[in-house]
Amino acid sequence: MTRPNIILTGGGTAGHVSLNQAIIPSLSEQGYDVHYIGSRDGIEKKLITGSFPSVPYYEISSGKLRRYFSMKNFTDPFKVGAGVLQAYRIIRKLKPSLIFSKGGFVSVPVILAARMAGVPVVIHESDVTPGLANKLAMPFADHVFTVFPETVPHVRKAEATCTGPVIRQELFEGSRDEGMRIAGFSGRKPVLLVMGGSQGSAVLNEAVRSSLPELLKTADIIHLCGKGHFDTALEQMEGYAQFEYVTDELRHLLKAADYVVSRAGSNSIFEFLALRLPMLLIPLSAEKSRGDQILNAGLFEKSGFAVVLQEEEVGRQSFLDSVHLLQDRAQGIILKMEQAEPPKTPGEMASLILSHSQGNG
């Protein structure tokens, strides 16, 4: 008997791919052949083809959606149009029962093509307010799943359900001993993990590196600094381990950590919550983003899960003060985290998605 097809899409950042990575095994276990539509040079291609070589990956043209003036705003609509036609041909060939989108620029032409082909579309939104790509795509969706209940009122012309976060199972399978080995630490000090996202953060990198002499008095530091941001001058510093980017090692480094300093992307902060990892959040400023991370961080601070330092306030002393505050409040934060509702498993999320496929709707 032929297995039904399902198409996943989403990309541009790791956050627009991680949920898809989490649910692919469950979708396969539930009897579906999984296919992926992404861009030619986006991070999604590396993440999907590297983790799931058996999942067919289809490249389409994708233009960036900008909220600011750029000459590319006049040419990128033609790329989106080309992407719609390419995605439509793929969809007509595969005849999927459902298309699931995690957002990002590449998802828009796929969702438009799905509507043209009459295929059900389900979208997932992780942030408090929808991103621009999802905002454009939601009118063409059959259902929208959200992480925050506050997001549901923002959904127009589609049904919406708050499911809460979905956490990759492998993150719970890390080994503290292996994390210590990877970092080269003895385990005599607590470990502070600093993460700047898949592309790194110049603000976080400067804050931690300018504070190293003081920070290393009370903690060892694991620093995920982003591609191209490795500082060779600090390579031999005892108690400081820097990595441009990690994949499978992340679960072990998270297990080794006692606290984390991070941006406030939804996927990451819910992973820290599930792992009971006290966090200092430094959200992207409103000047650099649409303000979604500021909202995410504010809700986590209000819930008692995090200490927050706004990007505009970051300096050497304010950063040190915030880290020390995090260390002082860590036990209280963990107690609050233990009262939080447990996340959905990838299998549960896959079942919710598939309930909207053709034949089940």
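Q: What makes the second largest pocket in this predicted model a space shared by domain 1 and domain 2?
A: Look at who supplies its lining: domain 1 (5–166 + 344–355) and domain 2 (171–338) each give at least three residues.

Q: How much space lies in the second largest pocket, and which residues are closest to its centre?
A: The second largest pocket holds about 450 Å³. Its lining has 25 residues, and Val 147, Pro 165, Phe 270, Leu 273 and Glu 341 are the closest to the centre. Helices α10 and α11 (292–302) are the elements that give two or more residues to that lining.

Q: How do the residues of that lining divide into nonpolar, polar and charged?
A: You get 14 nonpolar, four polar and seven charged.

Q: Why is Ala 274 called buried or exposed?
A: Buried means under 20% relative accessible area. Ala 274 has 14%, so Ala 274 is buried. You'll find Ala 274 in helix α10 (residues 266–274).

Q: Which residues does Ala 274 touch, not counting those up to four places away in sequence?
A: Those are Ile 167, Phe 172 and Pro 343.

Q: Why do Cys 162 and Cys 225 get the labels they do?
A: Cys 225 sits at 0%, and the cut-off for buried is under 20%, so Cys 225 counts as buried. Cys 162 has 34%, which falls between 20% and 50%, so Cys 162 is partly exposed.

Q: How many disulfides are there by the distance rule?
A: A pair of cysteine sulfur atoms has to be within 2.5 Å, and by this rule the count comes to zero.

Note on methods
Residues numbered from 1 in each chain as written. Predicted model: local features only at pLDDT ≥ 70, side-chain atom pairs only at ≥ 80, totals over all residues. Heavy atoms only, no water. Helix = DSSP H or I, 4+ residues; strand = E, 2+ residues; numbered from the N terminus. Buried < 20%, exposed > 50% of the residue type's maximum accessible area, 1.4 Å probe, protein only. Contact = heavy atoms within 4.5 Å. 1 Å grid on protein atoms, 1.4 Å probe; cavity = no way out; pocket = protein on both sides within 12 Å on 5 of 7 lines; lining within 4 Å. Points joined across faces, edges and corners; volume = space filled by probe spheres on them. Nonpolar A, V, L, I, M, F, W, Y, C, P; charged D, E, K, R; others polar. Domains from an automatic or database assignment.
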